[in-house]
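Reader: I am new to reading protein models, and I would like to work through this one slowly. Could you take my questions in turn?

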Amino acid sequence: MKAYGLLALAIALNMAGHVMFKFGATAAIEPWRAYLSPFTLLGLGAYGLSAIGYIAALRTMALSVAMPSMVVGYLGTALIAHWLWGEAFGLRQIAAFALIGFGLYLLHS
């Protein structure tokens with residue numbers, strides 16, 4: 001059970017990293033400044049912490065379960081992007097997420 005908690009933490013930090021990258025990319029006036037944005041640097045930090053949590057989870061969890069489970073973060077990040085920036089979230093995304101959800105169900109059942 002501890003491994004799933006660490007995996008959930010890794011997923012949440014990964015999502016935070018993606019969101020910070022988007023903030024950094026869109027906050028910079030000049031494209032090259034996006035790489036040095038405080039948001040981008042926070043995103044890199046979140047990614048690093050996510051990797052630490054993921055590695056800790058892998059100590060007792062199969063990679064064949066942990067890696068596909070990371071997709072939950074991509075689903076969550078897509079929802080956040082829709083709410084924050086109005087990015088597309090239509091029937092295609094819903095269908096894709098349903099298929100991914102079914103795959104995760106099969107993986108964990």
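**Salt bridges and a helix pair**

Author: Let us begin with a single residue of this predicted model: Arg33 has a relative accessibility of 44%, and because buried means under 20% and exposed means over 50%, Arg33 counts as partly exposed.

Reader: With which residue does Arg33 form a salt bridge?

Author: The closest N and O atoms of the pair are 3.8 Å apart, and a salt bridge asks for a distance within 4 Å. The partner has a relative accessibility of 34%, so that residue counts as partly exposed. The residue that pairs with Arg33 is Glu30.

Reader: How many salt bridges does the count come to?

Author: Side chains of opposite charge can pair when their charged atoms come close. One such pair is Arg33 with Glu30, and another is Lys22 with Glu87, whose side chains meet at 3.3 Å from N to O. By this rule the count comes to two.

Reader: How many residues apart in sequence are the parts that Lys22 and Glu87 tie together?

Author: Lys22 counts as partly exposed at 30% relative accessibility, and Glu87 is partly exposed with a relative accessible area of 32%. Lys22 lies in helix 1, whereas Glu87 lies in the loop between helix 4 and helix 5 (91-108), so the pair ties together parts whose separation in sequence is 65 residues.

Reader: At what angle do the axes of helix 1 and helix 4 cross?

Author: Two packed helices are described by the angle between their axes and the distance between the axes. Here helix 1 covers residues 2-27 and helix 4 covers residues 71-85, and their axes come within 9 Å. The crossing is right-handed, and its angle is roughly 35°.

Reader: How many residues of the contact of helix 1 with helix 4 are nonpolar?

Author: On the side of helix 1 the contact includes Ile11, Asn14, His18 and Lys22, and on the side of helix 4 it includes Tyr74, Ile80 and Trp85. The residues of this contact include five that are polar and one that is charged, while the number of nonpolar residues is nine.

Reader: Is Asn14 buried or exposed?

Author: Asn14 lies in helix 1, and its side chain makes a polar contact of 3.0 Å with the side chain of His18. Leaving aside neighbours within four places in sequence, Asn14 is in contact with Tyr47, Ser50, Met70 and Tyr74. Its relative accessibility is 12%, and because the cut-off is under 20%, Asn14 counts as buried.

Conventions
Residues numbered from 1 in each chain as written. Predicted model: local features only at pLDDT ≥ 70, side-chain atom pairs only at ≥ 80, totals over all residues. Heavy atoms only, no water. Axes fitted to C-alpha atoms, helices over the stretch in contact; angles between N-to-C directions. Helix = DSSP H or I, 4+ residues; strand = E, 2+ residues; numbered from the N terminus. Left-handed = near helix turned anticlockwise from the far one by under 90°. Contact = heavy atoms within 4.5 Å. Nonpolar A, V, L, I, M, F, W, Y, C, P; charged D, E, K, R; others polar. Buried < 20%, exposed > 50% of the residue type's maximum accessible area, 1.4 Å probe, protein only. Polar contact = N/O pair within 3.5 Å; in protein donor to acceptor, adjacent residues only side chain to side chain.
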